[in-house]
Amino acid sequence: MVAGIGREEYLLSERTSETKHEWRDGETFEVPGVGRAHSQVQGALAALAIPAFSGTPYEFNGSDVKVRAGESYLYPDGTVALDAAFAENDYVLLNPIVIFEVLSPSTSGYDRGEKFRRYDAIPSLRDYVLITTEEPVVEVLSRGEDGWTLRFFTGLDAVARIPSVGLDLPLGTLYERILTATVQSS
């Protein structure tokens, strides 16, 4: 954590930094690296989302695109935007409809708590998708007129539906690489 850095200084330094940092309340926080299971789920998510939106006005971006959430700058594991709008020279996504977070044991509490509260400040956000790495469980929080509703999808036969963009995520496909690695290492 680095205290007291201004917004413009943060945005400039982040362009050349070898590591990612989030900016929250005037402080920067290094984004930790990810493990194998996390990386495998991120790759499977991209492999499902990118072709699903081909030829549409929806755009999927992976974990290298940051979003602005109120006065914070955060790195989700994936986003979907309709007619994506960027600021800071195509560097910061302003209008995600869906945000994906792949939960690691070390980041799960932050992703479910403080990070979600910051994402809640994004007016365009309709679905917040949490994908755990320990077992095949996907949680989809959807924003409606009465607030957020939560749906759980569990097991390899389940298909998580992301309603705002009509994306289906078969859990068997999301977790295929993790399961293959687990079987091979047994």
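In this short talk I will go through the cores, one hairpin, the largest pocket and a few loop residues of a structure that is a predicted model.

Let me begin with the inside. In soluble globular proteins, nonpolar side chains tend to be buried together. Here the largest nonpolar core has 28 residues, and those with the most contacts inside it are F100, I131, V138, L169 and L174. Several elements give two or more residues to this core, including strand 9, strand 10 (127–132), strand 11 (137–144) and helix 5 (171–174), while helix 2 gives the most, with six residues. If you would like one residue to look at on the screen, take V138, which, leaving aside residues up to four places away in sequence, touches V129, L130, I131, R151, F152, F153, A160, L171, L174 and Y175. Apart from that core lies another one, of 15 residues, among them A81, F116, I122 and L125.

Now please turn to the hairpin. Strand 1 (21–24) and strand 2 (27–30) run antiparallel and are joined by four bridges, and W23 stands opposite T28 in strand 2. Two residues lie between the strands of this hairpin, and D25, which is in the loop there, has a positive phi of about 55 degrees although it is not a glycine. Most residues other than glycine have a negative phi. Which other residue that is not a glycine has a positive phi, of about 50 degrees? That is D83, found in the loop between strand 6 and strand 7 (86–87). As for accessibility, D25 counts as exposed because its relative accessible area is 59%, over the 50% cut-off, and D83, with 55%, is exposed by that cut-off too.

A loop residue may also be buried, and Y75 shows this. Y75 is found in the loop between strand 5 (72–74) and strand 6 (78–82), and it counts as buried because its relative accessibility is 8%, which is under 20%. From C-alpha to C-alpha, Y75 and P51 are 22 Å apart in space, and they are 24 residues apart in sequence.

Finally, the largest pocket. About 410 Å³ of space lies in this pocket, and 24 residues line it, with V31, P32, V34, T107 and K115 lying nearest its centre. What is the lining made of, by class? There are eight nonpolar, eight polar and eight charged residues. The two strands of our hairpin come back here, since strand 1 and strand 2 each supply at least two residues of the lining, as do helix 2 (36–52), strand 9 (96–103) and helix 3 (108–112).

Notes
Residues numbered from 1 in each chain as written. Predicted model: local features only at pLDDT ≥ 70, side-chain atom pairs only at ≥ 80, totals over all residues. Heavy atoms only, no water. Buried < 20%, exposed > 50% of the residue type's maximum accessible area, 1.4 Å probe, protein only. 1 Å grid on protein atoms, 1.4 Å probe; cavity = no way out; pocket = protein on both sides within 12 Å on 5 of 7 lines; lining within 4 Å. Points joined across faces, edges and corners; volume = space filled by probe spheres on them. Nonpolar A, V, L, I, M, F, W, Y, C, P; charged D, E, K, R; others polar. Pairing = 2+ DSSP bridges. Core = buried A, V, L, I, M, F, W, Y, C linked by side-chain atoms within 4.5 Å. Contact = heavy atoms within 4.5 Å.
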